[in-house]
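Got your viewer open? Load the model, pick a cartoon view with side chains on demand, and follow along from stop to stop.

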Amino acid sequence: MKNVVIVIPARFGSKRLPGKPLLKLAGKTIIQHVYENASLSKFAKRVIVATDDQRIFDAVRKFNGECVLTPGSINSGTDRVAYAVKNIDCSIVMNLQGDEPFLTSGMFDRGIESALKTNNKTDTFTLAAGIETIDELNDVNNVKVVMDKDGYALYFSRFPIPYIRDDKGKLVKKTKSHYRHIGIYIYRPAVLFEFVKLRQSNLERMERLEQLRLIENGYRIKVVVTKGAPSGIDTLQDLKRAERYLKEKGKI
């Protein structure tokens, strides 16, 4: 079995929802939900939270999770992931966003398994789920992805892509061609370390989407489609929606 490490980047200073990793959901912090789901992976040898905030570090250690403190000068989650694994001997690294408490190990293990099976050592892997409503399509917090016939990402955008020229009311369920990007990335370490050395790209700056840096520099991102899970938590409204979701499932 190859050595797979899952790293969860987490920062306290979210602009839309400050202190997000430490907010409570069903009696546990969001970061604890994410960590416990990651720990159920059948492939991962280690799960590590990478944060630049002592409060998050202390909270993770309190529930006996592994955590590393990264320098405050590190700007992005991907850079934190690279810092966390720079001295670890591993063959696969998964970047699992710290605001995705509903992603199950079964979902992201499909992506890890795809990475383990491929012979192309430069590909990155990620997940997507089908979009079924106009509201979901138009929500700028839901990043959309368009793929080629082989399942490789052509583009990611906050804009509704592909754009529907006509008959929008019937669009989503009928065409089944709209996908919401799910925030995980699976790399081989060499690609991860190459990625963080690349300069920020034009499309990345405009969309505020880090993965566009890879596409602009000729890397391929294979998209593994999975059944949908509730979106991640970016705003207070998302947190309330997540609480309603858990109540409906009888988990609160």
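Is helix α3 (residues 77-85) largely enclosed by the rest of the structure or not, and why? It is largely enclosed, because seven of its nine residues are buried. Buried here means under 20% relative accessible area, exposed means over 50%, and partly exposed is in between (1.4 Å probe, protein chains only). Helices (H or I, at least four residues) and strands (E, at least two) are DSSP runs, numbered from the N terminus.

Before moving on, a word on what you're looking at. This is a predicted model, in which local features need pLDDT of at least 70 and side-chain atom pairs count only at pLDDT 80 or more, while totals for chains, interfaces and linings use all residues. Residues are numbered from 1 along each chain as its sequence is written, and side-chain values use heavy atoms, with hydrogens and water left out.

**Stop 1: helix α3.** Select Gly77, Thr78, Arg80, Val81, Ala82, Ala84 and Val85: these are the buried residues of α3. Now show what they pack against: the strands β1 (4-10), β4 (44-51), β5 (66-69), β6 (92-96) and β10 (179-187), plus helix α7 (189-195). Contact means heavy atoms within 4.5 Å.

**Stop 2: Ile56.** Next, jump to helix α2 (residues 54-62) and pick out Ile56. Ile56 counts as buried because its relative accessibility is 0%. Try a distance label from Ile56 to Pro21: the two are 35 residues apart in sequence, but their C-alpha atoms are 7.2 Å apart in space. Leaving aside residues up to four places away in sequence, Ile56 touches Ala10, Arg11, Phe12, Pro21, Leu22, Val49 and Thr51.

**Stop 3: Asp123.** Look in the loop between α4 (105-117) and β7 (124-130) and you'll find Asp123. Asp123 is buried too, at a relative accessible area of 0%. Turn on its side chain and check two polar contacts (pairs of N or O atoms within 3.5 Å; within protein, one must be able to donate a hydrogen and the other to accept it, and residues adjacent in sequence count only if both atoms are side-chain atoms). One, of 3.5 Å, links the Asp123 side chain to that of Asn120; another, of 3.4 Å, links it to the side chain of Arg220. Not counting residues up to four places away in sequence, Asp123 touches Tyr152, Ile186, Arg188 and Arg220.

**Stop 4: helices α10 and α1.** Select residues 236-248 for helix α10, whose end C-alpha atoms are 19 Å apart, in agreement with the 18 Å that its 13 residues should span at 1.5 Å a residue. That expected span is 1.5 Å times one less than the number of residues. Which residues of α10 are buried? Color Asp238, Leu239, Ala242 and Leu246. They sit on the same side of α10, because they cover an arc of only 100° around the axis, the arc being that of the directions from the helix axis to the C-beta atoms. On the other side, Gln237, Lys247 and Glu248 are exposed.

The buried residues of α10 pack against β2 (24-25) and α1, so head there next. Helix α1 (residues 30-39) is mostly covered, with eight of its 10 residues buried. Among them are Ile30, His33 and Tyr35.

**Last stop: the cysteines.** With a disulfide taken as a pair of cysteine sulfur atoms within 2.5 Å, the count is zero. For Cys67, the nearest cysteine sulfur is that of Cys90, 17 Å away. Cys67 is buried at 9% relative accessible area, and Cys90 counts as buried at 11%.
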